[in-house]
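Biologist: I am new to this structure and should be grateful for a close look at a single part of it. Please take the place where the two chains join in one sheet, and then set it in its surroundings.

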Amino acid sequence: MSGDHGTHLHVHEPKAHLTAVETDLEYFRRKRLEPRVLHFLRRGIITFADLLRADQEPAGPAWRERVWADADAPIRHVEDELDRLVRGIAAVTVPHQGAPPVAIDDTRVERGDYDEFFRLAKRDLGHGTLDERLAALDAELTDAHRLLGAFTAALLARGRVTAKQLQEQRERLASVGYRNGARIVARAWVDPEFKQRLLATGRAAVRELDIPPGRLGRLGVAENTAEVHNIVVCTLCSCYPHDLLGNPPWWYRTGEYKQRIVAKPRETIRDMFGLDLPDDVKVRVHDSTSDVRWMVLPQRPAGTEDLDEDALADLVTPESLVGAALVPSPGAGPSPQAGSSLQPAPSSQPAGQ
Amino acid sequence: MTELGAFGVGDRVRVRRSAPAGNPRTPRYLRGWTGTVVCCHGVVDNPLDHHRAYPPLYSVVFPLPEGGSGDEVLADLHEEWLEAAPSAAAESAAGSSVADRT
């Protein structure tokens, strides 16, 4: 689960949680971690021998020897380990010394976004019993942490990054997350002039909330109204205002979502998220292509006239910032997507691409 | 940043089928489609994303063939991928708007 939540909810659908972790792990390994390692090796920024020298055996107990407090504990464990991995990958995405900067588009080329020839092979996760899937996930996560550890140590040993840079990056990333989006939305609801500045200037306006505006191109804000419902996708990769809002929900990175939402958006929103939009509301899908990173400004729900800005922000969900959900009225209980095929995101951490 | 391009809001544009020297950020499924410019962003300064500046950027709205209820897709496309298209009125007079979608 997201690091924004101090406590874990009961895991109602363990298989759906595992699918989310498996999908996200494959994404972050194939799209963020391994392409970056390969890029640095190709450019000679580090060497294979650097990685071998920096390698360390994992210290934790073997999966079979672990003792769990309850049935949900192993699932929470793999979710937490994934969160830690995603944060660790984001932390090493810092400028390195003595080499030209790695633009995000270099990484996209390297990981095969434009050419399947370069794509890293998927691993065959998601088969077998719950126990078998958990054990396989744990092994994959352990391996990914091992590679990330060696990569980080090699960068430090080569002097390509400093411990101070890594620490500063971790601190910077701690201020990034969907809560920034929730605060932006709540301010726009209570202050129409701020809303106009936000729609017109994007990132410049969020400085008014003391939110670091980020630098990934323009921030596009798509306002939901009684006539238009907006939803965001990136069919080319997974563009999002990561640097401001953290990572989007996990399904945002899946091929299923990308393909379906631009073909039949209304049906897809109903089938994947349990949200049935009225026929007189037009759906506009924003397909991000990186120079403009889109977020949705959801509609203010009914029954919130007496709420202050902080209480309004508490209503805003990560899904509503993408356009996959409405913001629920206070006390409305779980949102419609609780009954859908998709379960809460295992990770909402920033990763900078 | 303020360098505006050849098209203006309301212009009809067609997405080129290929732009060999162009940037790679144009979704494949939109190629050959005709849409309407709704926002001109100019040249966007985005050095974290790509080393050199791309040509001027436009938000273009396309009706979705299977969307129903006027559903549409908006994509941000760079100028080298776009060419001027006839206005909607001229196109419907010629009866040729559907053929561009395949």
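In which sense, parallel or antiparallel, do strand β3 (residues 282–287) of chain A and β4(B) pair, and over how many bridges?

Modeller: The model is predicted, and the description that follows should be read in that light. Strand β3 of chain A, residues 282–287, pairs with β4(B) in the parallel sense, and four bridges link the two strands. One residue pair helps to locate this junction in the view: A:D287 stands opposite B:A75 of β4(B).

The pairing belongs to a wider arrangement. β3(A) and β4(B) are members of an open sheet of seven strands, whose order is β2(A)-β3(A)-β4(B)-β3(B)-β2(B)-β1(B)-β5(B). The pairing within this sheet is mixed. In general, the strands of a sheet pair through backbone hydrogen bonds, either parallel or antiparallel. At the edges of the sheet stand β2 (228–233) of chain A and β5 (82–84) of chain B. Each of these two has a single partner strand, so one side of each is left without a neighbour in the sheet. Neighbouring strands are turned against each other by 40° on average, direction ignored.

The part of the sheet that chain B builds can be followed from strand to strand. β2(B), residues 34–42, and β3(B), residues 57–63, are antiparallel and paired over five bridges. Within that pair, B:T36 stands opposite B:V61 of β3(B). β2(B) is also joined to β1(B), residues 12–15, by three bridges, and these two strands run antiparallel. Here B:R14 has B:T34 of β2(B) opposite. β1(B) in turn pairs with the edge strand β5(B) in the antiparallel sense, over three bridges. The bridge partner of B:V15 in β5(B) is B:L82.

The shared sheet can also be placed within the contact between the chains. In that contact, 25 residues of chain B meet 26 residues of chain A. On the chain B side, the largest share comes from strand β4 (residues 72–78), with six residues. This is the strand that pairs with β3(A). By class, the chain B side divides into 11 nonpolar, eight polar and six charged residues.

Chain A also has a group of helices that deserves attention. Its secondary structure comes to 14 helices and four strands. The radius of gyration of chain A is 21 Å, close to the 20 Å that the globule rule gives for 353 residues, so the chain is as compact as a globular protein of that length. Along the principal axes, the C-alpha atoms of chain A fill a box of roughly 60 × 45 × 40 Å.

Three of the helices pack against one another in pairs, and each pair can be taken in turn. Two packed helices are described by the angle between their axes and the distance between the axes.

Helix α1 (residues 14–42) of chain A packs on helix α5 (residues 130–157) of chain A at an angle of about 25°, with the axes 11 Å apart. Angles under 35 degrees count as roughly parallel, and α1(A) and α5(A) are therefore roughly parallel to each other. The crossing of α1(A) past α5(A) is left-handed. Among the residues that make the contact are A:L18, A:L25 and A:V37 of α1(A), and A:L134, A:L141 and A:F151 of α5(A). The residues of this contact comprise 14 nonpolar, no polar and five charged.

Helix α3 (residues 73–91) of chain A also packs on α5(A), at an angle of about 20° and with the axes 10 Å apart. α3(A) and α5(A) are therefore roughly parallel to each other, and their crossing is left-handed. The contact includes A:V78, A:L82 and A:G88 of α3(A), and A:L137, A:A144 and A:H145 of α5(A). Its residues divide into 10 nonpolar, two polar and two charged.

The remaining pair is α1(A) with α3(A), whose axes come within 10 Å and cross at roughly 20°. α1(A) and α3(A) are therefore roughly parallel to each other, and α1(A) passes α3(A) in a left-handed crossing. Residues that meet here include A:V21 and A:F28 of α1(A), and A:L85 and A:I89 of α3(A). This contact has 12 nonpolar, one polar and three charged residues.

Key
Residues are numbered from 1 along each chain as its sequence is written. Chains are lettered from A and ligands numbered from 1 in the order in which they are written. This is a predicted model: local features need pLDDT of at least 70, side-chain atom pairs count only at pLDDT 80 or more; totals for chains, interfaces and linings use all residues. Axes are lines fitted to C-alpha atoms, for helices over the stretch in contact, and angles run from 0 to 180 degrees between N-to-C directions. Angles under 35 degrees count as roughly parallel, over 145 as roughly antiparallel, 65 to 115 as roughly perpendicular and the rest as oblique. A crossing is left-handed if the near helix is turned anticlockwise from the far one by less than a right angle, and right-handed if clockwise. Two residues are in contact if their C-beta atoms, placed from the backbone, lie within 7 Å. Ala, Val, Leu, Ile, Met, Phe, Trp, Tyr, Cys and Pro count as nonpolar, Asp, Glu, Lys and Arg as charged, and the others, Gly among them, as polar. Two strands pair if DSSP finds at least two bridges between them. The radius of gyration is taken over C-alpha atoms; the globule rule is 2.2 Å times the number of residues to the power 0.38.
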